[in-house]
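Visitor: Could you walk me through this one while I have it open on screen?
Guide: Gladly; ask in whatever order suits you.

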Amino acid sequence: MGVMEKIKAPATRKRAPKAAPVDLPLNSILQGDCVEMMRGLPAASVDMIFADPPYNLQLGGDLHRPEGSKVDAVTDDWDKFESLAAYDRFTHAWLKEARRILKPNGSIWVIGSYHNIFRVGAALQDQDYWILNDIVWRKANPMPNFKGTRFTNAHETLIWASTGEKARYTFNYRAMKTLNDELQMRSDWLIPICGGAERLKKDGHKVHPTQKPEALLYRIMLACSNPGDVVLDPFFGTGTTGAVAKRLGRNFIGIEREDDYIDAAKARIEMALPLDESTIKTMMAPKAATRVAFGTLVEGGQIPAGTVLTDAKRRWKATVRVDGSLDTEGLPAGSIHKVGSGVQGAPSCNGWTFWHLEKKGKLRVIDEVRQEWLLAHEA
């Protein structure tokens with residue numbers, strides 16, 4: 001059962017996963033124009049919206065690496081608008097419908113680059129949304145500026161907004177703090193761009209040029225929704241929102257126009273495995289500050305929720321939950337350090353060296369996974 005905290009309501013509340021309205025097309029992809037598709041949904045029916053709208057990049061030609069190879073950039077028709085005024089009209093239209101279908105206590109996340117995010121922010125305020133935060137997603141492995149004419153563009157901006165200044169939006173503060181090794185989660189997030197096995201490719205090319213990493217959606221969804229909530233993505237693409245929603249026990253509704261993206265999204269979501277209900281529980285753990293939070297490895301999939309950890313002699317076992325806390329029999333859930341000390345009856349414990357995970361029949365200390373992450377993502 002997730003811990004939900006409402007703004008201006010200091011007492012915490014617990015609730016069971018709720019049943020979503022039966023007249024919503026839950027866990028499905030609607031094909032068509034996002035504005036038209038949203039108009040067909042009931043008012044005040046969606047708990048959270050994540051939107052990754054067209055950036056209107058207008059690159060003005062192909063981009064090549066120094067050795068001559070072409071960069072897989074955004075050159076698709078869906079990202080092209082005849083003018084900034086046309087883009088503004090499009091933005092106002094979809095934000096208007098998004099506001100109508102959001103519940104009064106729902107919230108919206110919009111991601112963008114410097115090409116469009118400031119125009120989106122102005123449109124949000126024009127539509128009477130209340131901006132809560134702007135989040136800087138710092139890319140641990142950004143694409144360099146090949147021409148050497150500008151700074152390396154190493155971040156994107158997310159805007160998080162509620163339906164109004166007094167809306168009692170969902171913010172799972174305790175889960176975010178636990179995810180960050182008991183340090184308050186900041187508004188600058190260091191998360192790698194989508195790559196490796198997660199990056200969808202077809203015939204050697206990216207299926208979608210701006211596929212977002214699941215770790216980013218994991219953090220957003222864990223922060224601002226609860227099990228059973230309905231999360232809408234009006235620019236569904238290859239289905240990152242749907243795959244993460246399925247893992248975390250949320251319902252999703254996707255809207256997408258392109259056949260290729262829909263096919264890729266359906267296959268991807270079909271492969272996504274929902275987490276066991278017990279691992280989706282969230283809590284706040286005692287302090288355990290490290291250079292890399294254990295929650296970073298959980299949301300990034302290096303040590304996914306549901307993983308069973310054990311000590312070196314296999315005397316005790318604990319299951320990883322979605323916020324990076326551990327669940328073990330006979331003890332309250334807590335951080336890797338707290339649960340490690342609890343099972344031993346010791347005053348303290350370094351969870352990084354105490355807990356191990358099994359891989360191919362051999363135990364591996366979790367600190368090795370942390371060190372691998374550091375090597376891969378240090379600037």
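**Buried charges and a sheet**

Guide: A starting point is E299, which is buried, with a relative accessible area of 3%; please keep in mind that the model is predicted.

Visitor: Which side chain does E299 meet in a salt bridge?
Guide: The side chain of R219 meets that of E299, with an N to O distance of 2.2 Å, and R219 is itself buried, at a relative accessible area of 5%.

Visitor: And where do R219 and E299 sit along the chain?
Guide: R219 belongs to helix 5 (residues 214–224) and E299 to helix 8 (residues 294–299), so that the pair, 80 residues apart, links distant parts of the chain.

Visitor: How many salt bridges does the structure hold?
Guide: There are 17 salt bridges in the structure, one of which joins the side chains of D311 and R315 at 3.0 Å, N to O.

Visitor: Is D311 buried or exposed?
Guide: D311 counts as buried because its relative accessible area is 1%, and the cut-off for that label is under 20%.

Visitor: Let's switch to the sheet; what is the strand order?
Guide: The order is 15-14-13-16-17, in an open sheet of 5 strands with antiparallel pairing. The edge strands, each of which pairs on one side only, are strand 15 (326–327) and strand 17 (362–365).

Visitor: What packs on that sheet?
Guide: Helix 11 (residues 366–377) does, touching strand 13, strand 16 (356–359) and strand 17, and the direction of the helix makes about 60° with that of strand 17.

Visitor: Back to the strands, then: over how many bridges do strand 13 and strand 14 pair?
Guide: Strand 13 (residues 308–310) and strand 14 (residues 317–320) pair over 3 bridges in the antiparallel sense, and among the residues involved, L309 has A318 in strand 14 as its bridge partner.

Visitor: One more charged pair, if you have it: what does R364 meet?
Guide: The side chain of R364 meets that of E372 in a salt bridge at 2.0 Å, N to O.

Visitor: Why is R364 counted as buried and E372 as partly exposed?
Guide: R364 counts as buried because its relative accessibility is 19%, which falls under the 20% cut-off, whereas E372, at 42% relative accessibility, counts as partly exposed.

Visitor: Which residues are joined into one network by salt bridges that share partners?
Guide: Those are E36, R39, E97 and R100, which salt bridges with shared partners join into one network.

Methods
Residues are numbered from 1 along each chain as its sequence is written. This is a predicted model: local features need pLDDT of at least 70, side-chain atom pairs count only at pLDDT 80 or more; totals for chains, interfaces and linings use all residues. Side-chain values use heavy atoms; hydrogens and water are left out. Two strands pair if DSSP finds at least two bridges between them. Helices (H or I, at least four residues) and strands (E, at least two) are DSSP runs, numbered from the N terminus. Contact means heavy atoms within 4.5 Å. Axes are lines fitted to C-alpha atoms, for helices over the stretch in contact, and angles run from 0 to 180 degrees between N-to-C directions. A salt bridge is a side-chain nitrogen of Lys or Arg within 4 Å of a carboxyl oxygen of Asp or Glu. Buried means under 20% relative accessible area, exposed over 50%, partly exposed in between (1.4 Å probe, protein chains only).
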